[in-house]
Amino acid sequence: LRSPQLAAAALAALPQGHELQQLVIQTRALLAAQPPAAREEVAVGYAQRLLKRLLDTSKFGRCPLGVDWLLAMLGALGELSRKVSKDVVGWLLFADADRRLNRDLTVALVSGKLLSLKLMDGGRNGQAVDCLVSVLQHCLVDKPTVTTQECAGLLDALSHVLQVSRGKPPEPLVR
């Protein structure tokens, strides 16, 4: 991604048959042709490497096209292996707080249907509440990608945080 114009593009905006789109299609086809046990193992291993790229601070993992491609690849792997989505959540839980509570990454994973909002921390710490409120605002209001039913548990958890705060709600909930 040497061209700034290309790096700023979205995967869907590329011409049909672009090399990055072909990689997603070829990966899906290659994995689908594998026996189920091998498919799971390869999908999970590859997903782990892709998520690592999403979490790093390289140029590829930070440009819109790079993020779109990584999410498309993770989505393709998730379609072929149920274990991928479950493992993505597990890997995020063990990531350091800066990565685990990264609003943009969380929004991208939720929007790509790779992370369920039901599985996020429901208010156990201030950073998590701030991240959660930001993600909910983006995914429910700014650019709706989930329904209120899909995050009812989180909304209940935030309501509970508000109730137990005894008149002094956390700053993110005030906004």
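Which residues in α2 meet Arg 39, Val 42, Ala 43 and Tyr 46 in α3? The views below start with the whole chain and then come to that contact.

This is a predicted model, where local features need pLDDT of at least 70, side-chain atom pairs count only at pLDDT 80 or more, and totals for chains, interfaces and linings use all residues. Residues are numbered from 1 along each chain as its sequence is written, and side-chain values use heavy atoms, leaving out hydrogens and water.

**View 1. The whole chain.** The chain has 11 helices and 0 strands (DSSP runs numbered from the N terminus: H or I of at least four residues for helices, E of at least two for strands). Of its 175 residues, 38% are buried, meaning under 20% relative accessible area with a 1.4 Å probe, protein chains only.

**View 2. Helix α2 against helix α3.** Helix α2 (residues 19–32) packs on helix α3 (residues 36–55) at about 150 degrees, with axes 9 Å apart; axes are lines fitted to C-alpha atoms over the stretch in contact, and angles run from 0 to 180 degrees between N-to-C directions. That makes α2 roughly antiparallel to α3 (an angle over 145 degrees). To answer the opening question, Thr 27, Leu 31 and Ala 32 are the α2 residues that meet those four in α3, with contact meaning heavy atoms within 4.5 Å.

**View 3. Helix α3 against helix α5.** The axes of α3 and helix α5 (residues 64–80) come within 10 Å and cross at roughly 160 degrees. That makes α3 roughly antiparallel to α5. Residues of α3 including Leu 50 and Leu 54 meet α5 residues, among them Trp 69 and Met 73.

Technical notes: Angles under 35 degrees count as roughly parallel, over 145 as roughly antiparallel, 65 to 115 as roughly perpendicular and the rest as oblique. Buried means under 20% relative accessible area, exposed over 50%, partly exposed in between (1.4 Å probe, protein chains only).
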